[in-house]
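Trainee: Could you give me a close look at one part of this model, the surroundings of the ligand? I would like to see how the helices there are arranged, too.

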Amino acid sequence: MTHHRTVIVGSGFSGIGMAIRLLREGERDFVLLERADDIGGTWRDNTYPGCRCDVPSHLYSFSFAPNPSWSSTFSPQPEILDYLRDVAARFGVRPHIRFGTELESAAWDEGGARWRLETSAGPISADVLIAAQGPLSDPLVPDLPGLGSFEGTAFHSARWDHEHRLDGERVAVIGTGASAIQFVPKIQPAVGRMHVFQRTPPWVMPHPNRRMSDLERKLYSRLPAAQLAMRAGIYWARETFVLQFRNRRMRELATRMALRQLERQVPDPELRAKLTPRYELGCKRILPTDEWYPTLTQPNVEVVTDGIREIKARSIVSADGAEREVDTIIFGTGFHVTDIPLARRLHGRDGRTLAETWDGSPSAYKGAAVAGYPNLFFLVGPNTGLGHNSIVFMIESQINYVAGALKAMRRRGARVVDVRPEAQAAYNAEIDAMTEGTVWVSGGCSSYYIDRNGRNSTIWPTFTMPFRQRTREFDEAAYAMGAPAPAPAGAIA
Ligand SMILES: Cc1cc2nc3c(=O)[nH]c(=O)nc-3n(C[C@H](O)[C@H](O)[C@H](O)COP(=O)(O)OP(=O)(O)OC[C@H]3O[C@@H](n4cnc5c(N)ncnc54)[C@H](O)[C@@H]3O)c2cc1C
């Protein structure tokens, strides 16, 4: 069986960034397992029309690899994918990637002090396992009654069927989240009829996207410090956005801006009522777009708010009994977030899966380590998601922390590092206290930020700078470090 010091699962921003850090530290004995045939994660999978980031590109990129050539302030998906491919090639990551290799299960081997992995390309083992499988990488398709009997075309926005022509078709879009608000305006002019099934209207803000001028691009390529200054400015401006999640008065201004856009763009009071959120701004992800409302006012578009009762061979029946014939269903229904699929595949010290240990409420120490699952580190693990700033900032913070852990293991000659349960519990008690009173729990909505037990297990609930400070050094005192634990009496070695 092949053995590596480190195995990383995933080759999106997190996996690539971790690999670059390992290379910089002089590590060579590592591989990245990637189930797909290319790198890029989110930006490889989401090829739907109109896909782009909603955090400015100067910030939504690695701090050590600025890109002076972004075409617009919020770049489209193909550019972000090209950027990741370029960074991976430039920093020598590619030879370490094992494409078409899915991690199917991993079990901690106490005696051997290593993870034993089963992958779609055979077994391997690793001293340290780094899970960079992505917070939004497994599409969620709701289990709607009758869906299996549908005879038309159906696909999720993260698995867009580019072979299928939508021209003139009757199309149902299910969901009105971050992806739908981007692709619906792009396909609406071509389709015959579009039914947008909306469970909860999103809060929508004006989008400040604009093309980057030639002058800006020249400036950034000749004077990288100018781009770094711009990045810092954007970062600090966005840091203040977190205040609106924590303080009702701070979100009044944003609420007024959003409602003004709705009034200006949707003259019909009946449609406007359907599109007006009945929960507080920020409770769910705030969506930046200037195109969503104008699209929904077009004559070939209908917003359906009645819920779906049943799907038939060629139609959708809504809760009020109305039946709409459709050729294609597009799911803009998001991802498995709080039920992290990888957690069902990881078996810790006591043999239980991480999903069993978490029991619906993912939690970790600094979003990275879980007691009883030694030598395992998550990137973008529990409580590292953001509603206001770039996740790449959190990823880089965590990469630094994990690199510190690997160095500490080497320095101490420790083969096993396991976070102390009391450190993990105290950290999560702090997260819970910081979450209290925020709009995520008091805003009157249900969202993927809150898990099935009612706990915030997704969002880092405050400014990101304190997270950077907490992950600056690997805090050995929070961990039991040493040789493998003795095997329990009666165990077979
Ligand atoms: C459409 C969309 C737009 C977004 N826009 C923004 C934005 O503007 N700003 C922002 O901050 N965030 C945004 N996000 C969130 C985004 O997920 C993160 O910003 C970031 O891309 C996460 O990177 P990652 O490497 O952690 O995960 P991913 O990019 O999801 O990569 C994970 C990789 O792991 C692989 N993988 C998963 N499981 C396995 C397995 N068992 N075995 C092998 N390989 C596996 C996947 O195939 C994938 O390649 C967006 C997400 C989506 C879906």
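**Around the ligand and helix α1**

Mentor: Let's start with a pair of helices: α1 and α3 are roughly parallel to each other, because their axes meet at about 20° and angles under 35 degrees count as roughly parallel. Please keep in mind that this is a predicted model. Helix α3 covers residues 77-90, and its axis lies 10 Å from that of α1. The two helices make a left-handed crossing.

Now turn to α12, which spans residues 391-412. Its axis and the axis of α1 come within 10 Å and cross at roughly 40°, so these two helices are oblique to each other. Here α1 passes α12 in a right-handed crossing.

With those helices in view, move to the ligand. It is surrounded by 34 residues, and the closest are Ser-14, Glu-34, Asp-54, Tyr-60 and Ile-391. You can place two of these on the helices you just met: Ser-14 falls within α1, residues 13-24, and Ile-391 belongs to α12.

What sort of residues make up this shell? By class, 16 are nonpolar, 12 are polar and six are charged.

Next, zoom in on the oxygen atoms of the ligand. A backbone N or O atom of Asp-54 is 2.6 Å from one ligand oxygen. Phe-13 also has a backbone N or O atom beside a ligand oxygen, at 3.1 Å. For Arg-35, a polar side-chain atom lies 3.1 Å from an oxygen of the ligand.

Altogether, the protein covers 95% of the 990 Å² of accessible area that the ligand has on its own. Two elements give two or more residues to the shell: α1 and α2, the latter spanning residues 42-45. Of the elements, α2 gives the most, with three residues. So when you rotate the model, try finding α1 and α2 beside the ligand, then follow α1 to its partners α3 and α12.

Methods
Residues are numbered from 1 along each chain as its sequence is written. This is a predicted model: local features need pLDDT of at least 70, side-chain atom pairs count only at pLDDT 80 or more; totals for chains, interfaces and linings use all residues. Side-chain values use heavy atoms; hydrogens and water are left out. A residue is near a molecule or strand if one of its heavy atoms lies within 4 Å of it. A polar contact is a pair of N or O atoms within 3.5 Å; within protein, one must be able to donate a hydrogen and the other to accept it, and residues adjacent in sequence count only if both atoms are side-chain atoms. Accessible areas come from the Shrake-Rupley method with a 1.4 Å probe; for residues, only the protein chains shown count as cover. Helices (H or I, at least four residues) and strands (E, at least two) are DSSP runs, numbered from the N terminus. Ala, Val, Leu, Ile, Met, Phe, Trp, Tyr, Cys and Pro count as nonpolar, Asp, Glu, Lys and Arg as charged, and the others, Gly among them, as polar. Axes are lines fitted to C-alpha atoms, for helices over the stretch in contact, and angles run from 0 to 180 degrees between N-to-C directions. Angles under 35 degrees count as roughly parallel, over 145 as roughly antiparallel, 65 to 115 as roughly perpendicular and the rest as oblique. A crossing is left-handed if the near helix is turned anticlockwise from the far one by less than a right angle, and right-handed if clockwise.
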